Amino acid sequence: MNYEEIIDLQRKLSKYIITEDTIVYNDIKRIAGIDIAYKGKKAYVSLAILDKNTLKCIYNKCKAVSIEMPYIPGLLFIREGNPMLNILREDINKYDIIMVDGNGILHPRRFGLASYIGFMLDKPTIGVAKSLLCGYINNYDVIDNNEIIGSIIRKNNRTIYVSIGNKISLKSAKRIVEECLIYSIPEPIRIA
């Protein structure tokens, strides 16, 4: 696929993202956090699963992975999506919801890494990013083209950007992230 085809695919798949709650809040027992870290030319995908009520890590896994794609802003799902999917699929019955270090619909084409993960696994996902990819901030909302596409949370002099990945409302996504904040990064992602 070339660059234009990938962008077209993002736009098409964004229409399938569900932006309302498909899981009852009280039914969420375990939250997965997923991230990829780079050290030199090596990459490591890490999964942490936490008990929602205690925020204690009940399961974790880390694997070295090969990443060939360069980083292209707005196309992180091409670089990191499949390594994340592989580790998440291995333990798919161990968690109820996924918190992804990356954007969901807070994306120029409304389909970032968290949306890709949620779409491919058919699971509720939340995007949590450390920088603003698009839009502007009005109070605590992130707005782009007159549409609320995310929300900000400030903790310990740091701002994080929360968005719907798939199968969850922004209100629920923000509530869950806030409940997982001890430091400035939500615990599932911080531990991963």
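The hairpin of β6 and β7 has 2 residues between its strands, and N139 there takes a positive phi near 60°. Antiparallel pairing joins β6 to strand β7 (residues 141–144) through 3 bridges. I137 faces V142 of β7. Two strands count as paired if DSSP finds at least two bridges between them. Helices (H or I, at least four residues) and strands (E, at least two) are DSSP runs, numbered from the N terminus.

This is a predicted model: local features need pLDDT of at least 70, side-chain atom pairs count only at pLDDT 80 or more, and totals for chains, interfaces and linings use all residues. Residues are numbered from 1 along each chain as its sequence is written, and side-chain values use heavy atoms, with hydrogens and water left out.

A hairpin also links β7 and β8, with 2 residues between them. N145 in that turn has a positive phi of about 50°. Here D144 has E147 in β8 as its bridge partner. The strand pairings compare as follows.

| Strand pair | Sense | Bridges | Residue pair |
|---|---|---|---|
| β6 and β7 | antiparallel | 3 bridges | I137 and V142 |
| β7 and β8 | antiparallel | 4 bridges | D144 and E147 |
| β4 and β5 | parallel | 4 bridges | D101 and V128 |

**The sheet**

These strands belong to an open sheet of 9 strands with mixed pairing, in the order β3-β2-β1-β4-β5-β9-β8-β7-β6. β3 (57–65) and β6 (136–138) stand at the edges with a single partner strand each, so one side of each has no neighbour in the sheet. On average, neighbouring strands are turned by 30° against each other, direction ignored. Axes are lines fitted to C-alpha atoms, for helices over the stretch in contact; angles run from 0 to 180 degrees between N-to-C directions.

Strand β4 (residues 97–101) and strand β5 (residues 125–129) pair in the parallel sense. Helix α2 (residues 76–90) packs on the sheet and touches β1 (30–39), β2 (42–51), β3 and β4. The direction of α2 makes about 135° with that of β1. Helix α3 (residues 113–121) also packs on the sheet, touching β4, β5 and β9 (158–166). Its direction makes about 150° with that of β4. Contact means heavy atoms within 4.5 Å.

**Buried positions**

Which residues of helix α4 (residues 170–179) are buried? They are L170, S172, A173, K174, I176 and V177. These buried residues pack against β1, β4, β5, β8 (147–155) and β9. Buried means under 20% relative accessible area, exposed over 50%, partly exposed in between (1.4 Å probe, protein chains only).

N166 lies in strand β9. N166 is buried, at a relative accessible area of 2%. Not counting residues up to four places away in sequence, N166 touches Y16, I17, I18, G118, F119, K123, P124 and T125.

**The whole chain**

The protein has 5 helices and 9 strands. Along the sequence they follow α-β-β-β-α-β-α-β-β-β-β-β-α-α. The radius of gyration is 15 Å, which agrees with the value near 16 Å for a compact globule of 192 residues. That radius is taken over C-alpha atoms, and the globule rule is 2.2 Å times the number of residues to the power 0.38. Along the principal axes, the C-alpha atoms fill a box of roughly 45 × 40 × 35 Å.

Of the 192 residues, 53% are buried. Among contacts with a separation of 6 or more, 64% join residues 24 or more positions apart.
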